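Before terms such as sheet, edge or buried are applied to a model, it helps to ask what entitles us to use them. The questions below take up that matter for the structure shown here.

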Amino acid sequence: MTTIQVHNTLTGKKELFVPVNGNRVLMYACGPTVYDMSHLGHARMTLVYDVIQRYLRFSGYDVTYVRNITDVDDKIINRAKSLGISPEQVAREYTYTFWHDMHCLNIQPPDFEPKATEFIELMIQFTKELIEKGHAYESRGDVYFDVASFKEYGKLGKKTLEDLLVGAREQVKSQDDLADRKRNQVDFALWKSAREGELGWSSPWGAGRPGWHLECSTMTKHVLGETIDIHAGGEDLVFPHHENEIAQSEALHGKPMAKYWLHNSFVQVNSEKMSKSEGNFTTIQNLLGRFSADTIRIFALQTHYRHPIEFSMESLTAAKTALGRLLRAAAYATPAEQSNGAGATAGEAVLKQNAQQITRATAESLDPVNDDLTKQFRKTFTDAMDNDFNTAIATSQLFFLSDKIFVETDENRRRGYATVLVQYARLLGLTLSDTRKQVDDATTKQIVDLVLELRNIARTKKDYETSDLIRKRLADAGLNVMDTGGNTTWEQA
RNA sequence: GGCGGCAUAGCCAAGUGGUAAGGCAGAGGUCUGCAAAACCUCUAUCCCCCAGUUCGAAUCUGGGUGCCGCCUCCA
């Protein structure tokens, strides 16, 4: 079972994946701060770890996947101020939009999705213990982590305390109004005191709120444990976020926080990071209006997760065209394999699909053909995924199999190949449900207008047989056609 | 300034010692009343530059150039 290699940011190397505790895999990914709409960069992050946890389950591991929601943060507070509503309302609203986006993208829900606000008491406890152990100190209502007290600080971000201090000196140090509260420039907040009328919870140090890094340390500890297998997030979280989590957790527990640290690279626009602050982002909802979830997924998975993706409408359109070939190939599968389960709700369909998902152990027995071709396909696919989740190669294999499907003349064999295609596409979270014939409202209106135009041509020619047929058929379809004063209008019956 | 990463066809993008995956675009063909779509076939003598190691390098080493990220909120 231990054939998976993962790139570990901690060591900077690819390593054989061996869980800490037998077959159990405890995995935590840093989720969103819910203060605004999610963009393609967030989609990539959730997509990548969605596929990784799917693949670990496929590989037979007993995975517990946790993705948190940060619902208390300066950005939320600022957003609430500018909107004139409470921070709780902001957090709830954007939690809903996040869930909606994730659902649309066919991201499997995590096993647990803790929110920071649910762990305030435990965060206070965590901070108390750090103070008791001499790793943190109070300063005028704030509590800071004493970086100098944790000698391994910087091991994830490959920085030394000296470098950081020099760097801090180079920076606009004078603008840090907290400088005189901290023992050391690089110390970071575990607890921030609240100003008058600001969001806050009571604590031994007065009203305040937790620092950003603390929530992940606390939730990881209490939802999963003191040492977990995989801790993941975007590349920008390596330092300081994950570095600080390590400092807090390992200073307190005296053991590694996570065995493997995984980080995905960014989505770029014109070679620059897509981000809120750059203003060069495209929201998921905006994208979903123009491209299917499968298209966005193919687009993201065609690049290895540790490499930047260059985003452009052209690339996304290319992915859409490419997906079309996969959809046509998948259409040769049996309806049961291909459909989402007729009559089921979207949620039921997803749960059903997940339940039917193949595993490494069942893949061969569930392969209806199991000839040299599918054996080769399965091996190349899993070899690629075993190699630090190389979805680019795995995806290319879907195209390889599609080509074989198109040239196969034996119907049974072709149906079998298509079934295997669908099985493995689902492993990557692709539904391959055929959206090519879904027509939007604007197009529907144009079509009705076209039909009425043709009907009016018939009426002009006094071909009432045809025009009446059209009216009847439209009525059967639920549309009433009305001729009044030389005008023809229509509405829903 | 410190640390880390990247440079592969028109574009996107795998490959990290054995002689360049895949996708898009492009060309030719099949099909077709026309058109479109679809399918089939083809498309980098070579991987930013220079030097080195090696029987052999896009892949390793050294140097150079360009770009990006982190060090402040960030997936």
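Q: In this predicted model, what makes the sheet S5-S6-S7-S8 an open one, and which strands are its edges?
A: The sheet has 4 strands in the order S5-S6-S7-S8, with antiparallel pairing, and strand S5 (136–139) and strand S8 (208–210) are the edge strands, since each pairs on one side only. From one strand to the next the twist averages 20°.

Q: How do you know that S7 and S8 are paired?
A: Two strands count as paired if at least two bridges are found between them, and strand S7 (residues 188–193) is joined to S8 by 3 bridges, in the antiparallel sense, so the criterion is met. Within this pair, Trp191 has Pro210 in S8 as its bridge partner.

Q: What lies across S6 and S7, and at what angle to S7?
A: Helix H7 (residues 238–253) lies across strand S6 (142–145) and S7, and runs at about 85° to S7.

Q: Why are S12 and S13 called edge strands?
A: In the open sheet of 3 strands, ordered S12-S11-S13 with mixed pairing, strand S12 (272–273) and strand S13 (309–310) each have a single partner strand, so one side of each is left without a neighbour in the sheet. Strand S11 (residues 267–269) pairs with S12 in the antiparallel sense over 2 bridges, and since at least two are required, this pair qualifies. Val269 stands opposite Glu272 in S12.

Q: Why is strand S3 described as mostly covered?
A: A residue is buried when its relative accessible area is under 20%, and 5 of the 6 residues of S3 (residues 24–29) are buried, so the description holds for this strand.

Q: What shows that S3 pairs with S4 and with S9?
A: S3 is joined to strand S4 (residues 62–67) by 6 bridges in the parallel sense, and to strand S9 (residues 228–234) by 3 bridges, also parallel; the requirement is at least two, so both pairs satisfy it. As for individual residues, Tyr28 has Val66 in S4 as its bridge partner, while Met27 has Ile230 in S9.

Q: What makes S3, helix H1 and S4 a right-handed unit?
A: A crossover is right-handed if, with the strands pointing away from the viewer, the path from the first strand over the helix to the second runs clockwise; S3, helix H1 (residues 40–58) and S4 make a β-α-β unit of this right-handed kind.

Note on methods:
Residues numbered from 1 in each chain as written. Chains lettered and ligands numbered in written order. Predicted model: local features only at pLDDT ≥ 70, side-chain atom pairs only at ≥ 80, totals over all residues. Heavy atoms only, no water. Buried < 20%, exposed > 50% of the residue type's maximum accessible area, 1.4 Å probe, protein only. Axes fitted to C-alpha atoms, helices over the stretch in contact; angles between N-to-C directions. Contact = heavy atoms within 4.5 Å.
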